[in-house]
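Trainee: I've got a model open and I'd like to check the labels people put on it. Could you walk me through the reasoning?

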Amino acid sequence: VQLVESGGGLVQPGGSLRLSCAASGFTFSSYIMSWHRQAPGKERELAASISSTRDSTYVADSVKGRFTISRDNAKNTVYLQMNNLKAEDTAVYYCKALPQRGVGASYWGQGTQVTVSS
């Protein structure tokens, strides 16, 4: 099983980034996918999630209106489009796979750093 995040980097406030998480080794279309983030000295928090069939999404209040989660089950990939980035969005971003039916293991990626700074 692998979850490989990419797309992080350094961006100025107000800028945009698109994170990708490529999955392999499990039935991607049967898993809820989510993006979590962890800022220095803080606990990991859920930023956004999407159901296995894309019919339900959740976005945390702190990023609502700026972040959009999507997935392509044909490509086994989940995305996080981040617009109007702020300094407080600086964190390591992780993707997570959770079985839609609630049975079985969950998986985490290794994380990708997002730094918002001028």
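Trainee: How many bridges join S4 to S9, and do they run parallel or antiparallel?

Mentor: Eight bridges join the two strands, and the direction is antiparallel. Keep in mind that this is a predicted model. One pair to look at is Trp35 with its bridge partner Cys95 in S9.

Trainee: What makes S4 and S5 count as paired?

Mentor: Pairing needs at least two bridges between two strands. S4 and S5 have five, in the antiparallel sense, so the test in the definition is met. Ser34 and its bridge partner Ser49 in S5 are an example. The two strands also form a hairpin with six residues between them. In that turn, Gly41 has a positive phi of about 80°.

Trainee: Is S4 mostly covered or mostly open?

Mentor: Mostly covered: six of the eight residues in S4 are buried.

Trainee: Let's go to the open sheet. Which strands are in it, and in what order?

Mentor: There are four strands, ordered S1-S3-S8-S7, and the pairing is antiparallel.

Trainee: Why do S1 and S7 count as edge strands?

Mentor: Each of them has a single partner strand, so one side of S1 (2-6) and one side of S7 have no neighbour in the sheet. From one strand to the next, the twist averages 15°.

Trainee: How do you know that S1 and S3 are really partners?

Mentor: Count the bridges: there are five between S1 and S3, antiparallel, and the cut-off is at least two. You can pick out residues too. Val4 stands opposite Ala22 in S3, and Glu5 has Cys21 as its bridge partner there.

Trainee: And how many bridges hold S3 and S8 as a pair?

Mentor: Six, again in the antiparallel sense. Ala22 shows up here as well, with Thr77 as its bridge partner in S8.

Trainee: Why is Thr77 called buried?

Mentor: Its relative accessibility is 9%, and buried means under 20%. The value falls below the cut-off, so the label holds. Thr77 sits in strand S8. Beyond four places away in sequence, Thr77 touches Ser20, Cys21, Ala22, Phe28, Arg71 and Asp72.

Trainee: What makes the approach of Lys75 to Thr77 a polar contact?

Mentor: A polar atom of the Thr77 side chain lies 2.8 Å from the backbone oxygen of Lys75. The limit for a polar contact is 3.5 Å, so that distance is inside it.

Trainee: Then why is Thr68 only called partly exposed?

Mentor: Thr68 has a relative accessible area of 46%. Buried would be under 20% and exposed would be over 50%, so 46% lands in between. Thr68 is in strand S7. Leaving aside neighbours within four places in sequence, Thr68 is in contact with Tyr79, Leu80 and Gln81.

Trainee: Which residues does Leu80 touch?

Mentor: Not counting residues up to four places away, the list is Leu17, Arg18, Leu19, Trp35, Ala48, Phe67, Thr68, Ile69 and Tyr93.

Trainee: Where does Leu80 fit in the largest nonpolar core?

Mentor: That core has 29 residues, and Leu80 is among those with the most contacts inside it, along with Leu3, Met33, Trp35, Val78, Met82 and Tyr93. The elements giving two or more residues to the core are S3 (17-24), S4 (31-38), S5 (45-50), S7 (67-72), S8 (77-82), S9 (91-99) and S11 (112-116). In soluble globular proteins, nonpolar side chains tend to be buried together.

Trainee: How many helices and strands does the chain have?

Mentor: Zero helices and 11 strands.

Trainee: So what makes the chain "compact"?

Mentor: The radius of gyration is 14 Å, and the globule rule gives 13 Å for 118 residues. Those values are close, so the chain is as compact as a globular protein of that length. Along the principal axes, the C-alpha atoms fill a box of roughly 40 × 25 × 25 Å.

Trainee: How much of the chain is buried?

Mentor: Buried residues make up 43% of the 118. As for contacts with a separation of 6 or more, 54% come from residues 24 or more positions apart.

Terms used: Residues are numbered from 1 along each chain as its sequence is written. This is a predicted model: local features need pLDDT of at least 70, side-chain atom pairs count only at pLDDT 80 or more; totals for chains, interfaces and linings use all residues. Side-chain values use heavy atoms; hydrogens and water are left out. A nonpolar core is a set of buried Ala, Val, Leu, Ile, Met, Phe, Trp, Tyr and Cys residues joined through side-chain atoms within 4.5 Å. Buried means under 20% relative accessible area, exposed over 50%, partly exposed in between (1.4 Å probe, protein chains only). Contact means heavy atoms within 4.5 Å. A polar contact is a pair of N or O atoms within 3.5 Å; within protein, one must be able to donate a hydrogen and the other to accept it, and residues adjacent in sequence count only if both atoms are side-chain atoms. Axes are lines fitted to C-alpha atoms, for helices over the stretch in contact, and angles run from 0 to 180 degrees between N-to-C directions. The radius of gyration is taken over C-alpha atoms; the globule rule is 2.2 Å times the number of residues to the power 0.38.
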